[in-house]
Amino acid sequence: TESVSAGRSILEFTVSVTGVSALTVRGSVGQDVTLPCRYSVTDHGVTMMCWGRGEPTLSWCNNMIISTDGQSVNSRLSERYQLLGQLTGGDVSLTILHAQESDSGLYGCRVEIPGWFNDQ
C-alpha cells in the first residue's frame, strides 16, 4: 500500500512469517528498506533460505527474489535485493535498495529447517 506524507511517498511492506503472523515495515520511495528475518544457527545450523513476493508456499518461495545456500547468495532477481546481515549468524534480513512504489506489498522469508514440515 502507499500513502503520501509531506510530499514523500510512504511504502508499506508486509513480511509473512510461516503464513501465520505478519509484520508491517514502512519506508519511503528512494530510500533503502530492510525487512527483518532471523533464525537460530545454534538450534538449526547454517541452512538455505529464500525471500519471495507474496505468501510463502509449503515447499519454497513463491516468486523468489533472492536465495542463499546458507553461506552466500546463490540467486538474485536484481542487484537492488541485498542480504547485508551476517548470513552464517542467521541474519537473513532483506534490504531493498532505492525502494520504488512497485516494491510495496507482501514478502515471505523461508528458512529451510531439516525434517518434515519444519521450515520457518
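Begin by selecting strand 6 and strand 7: the two form a hairpin with 4 residues between them. In the turn, select G70, which has a positive phi of about 105 degrees. The model on display is a predicted one.

**The hairpin and its neighbour**

Keep the hairpin selected and display the backbone. Strand 7 covers residues 73–76, and its pairing with strand 6 is antiparallel, over 3 bridges. To view one of the partnerships between these strands, select T68 together with V73 of strand 7, its bridge partner.

Next, add strand 5 to the selection. Strand 5 and strand 6 also pair in the antiparallel sense, here over 4 bridges. Select W51 and then I66, the residue of strand 6 that serves as its bridge partner. Is strand 6 mostly covered or not? Of its 5 residues, 4 are buried, and the strand is thus mostly covered.

**The whole chain**

Now display the entire chain. It contains 1 helix and 10 strands. Followed from the N terminus, the elements run β-β-β-β-α-β-β-β-β-β-β. The chain has 120 residues, of which 38% count as buried. Its exposed area is about 6,400 Å², and carbon and sulfur atoms supply 50% of that area. Among the contacts between residues at least 6 apart in sequence, 47% join residues at least 24 apart.

**The largest nonpolar core**

Select F13, L35, W51, V92, L94, Y107 and V111. These residues touch the most other members of the largest nonpolar core, which has 22 residues. Colour by element to see where the core comes from: two or more residues are given by each of strand 2 (8–17), strand 4 (33–35), strand 5 (49–53), strand 6 (64–68), strand 9 (94–96) and strand 10 (105–111). Which strand supplies the largest share? Strand 10 does, with 3 residues.

Centre the view on F13. With neighbours within four places in sequence set aside, the contacts of F13 include L23, V25, V33, L35, I96 and Y107. Also among them are T24, G27, A99, D103, S104 and G105.

**V92, a core member in a loop**

Move to V92, which is found in the loop between strand 8 (81–82) and strand 9. Is V92 buried or exposed? Its relative accessible area is 2%, so V92 counts as buried. Show the residues around it: beyond its neighbours within four places in sequence, V92 is in contact with C37, Y39, M49, W51, L83, L87, C109 and V111. As a distance to check in the viewer, take V92 and R110, which are 18 residues apart in sequence and 9.7 Å apart in space, C-alpha to C-alpha.

**Q82 and the open sheet**

Finally, select strand 4, strand 9 and strand 8. They make up an open sheet of 3 strands in the order 4-9-8, with antiparallel pairing. Strand 4 and strand 8 are the edge strands, each pairing on one side only. Strand 8 is joined to strand 9 by 2 bridges.

Within strand 8, select Q82. Opposite Q82 stands T95, in strand 9. Q82 has a relative accessible area of 17% and is therefore buried, the cut-off being under 20%. A polar atom of the Q82 side chain lies 2.7 Å from the backbone oxygen of E79. Not counting residues up to four places away in sequence, Q82 touches I66, R76, S93, L94, T95 and L97. One of these, I66, returns the view to strand 6, where it is the bridge partner of W51.

Key
Residues numbered from 1 in each chain as written. Predicted model: local features only at pLDDT ≥ 70, side-chain atom pairs only at ≥ 80, totals over all residues. Heavy atoms only, no water. Core = buried A, V, L, I, M, F, W, Y, C linked by side-chain atoms within 4.5 Å. Buried < 20%, exposed > 50% of the residue type's maximum accessible area, 1.4 Å probe, protein only. Contact = heavy atoms within 4.5 Å. Pairing = 2+ DSSP bridges. Areas by Shrake-Rupley, 256 points an atom, 1.4 Å probe, with all protein chains shown as cover. Polar contact = N/O pair within 3.5 Å; in protein donor to acceptor, adjacent residues only side chain to side chain.
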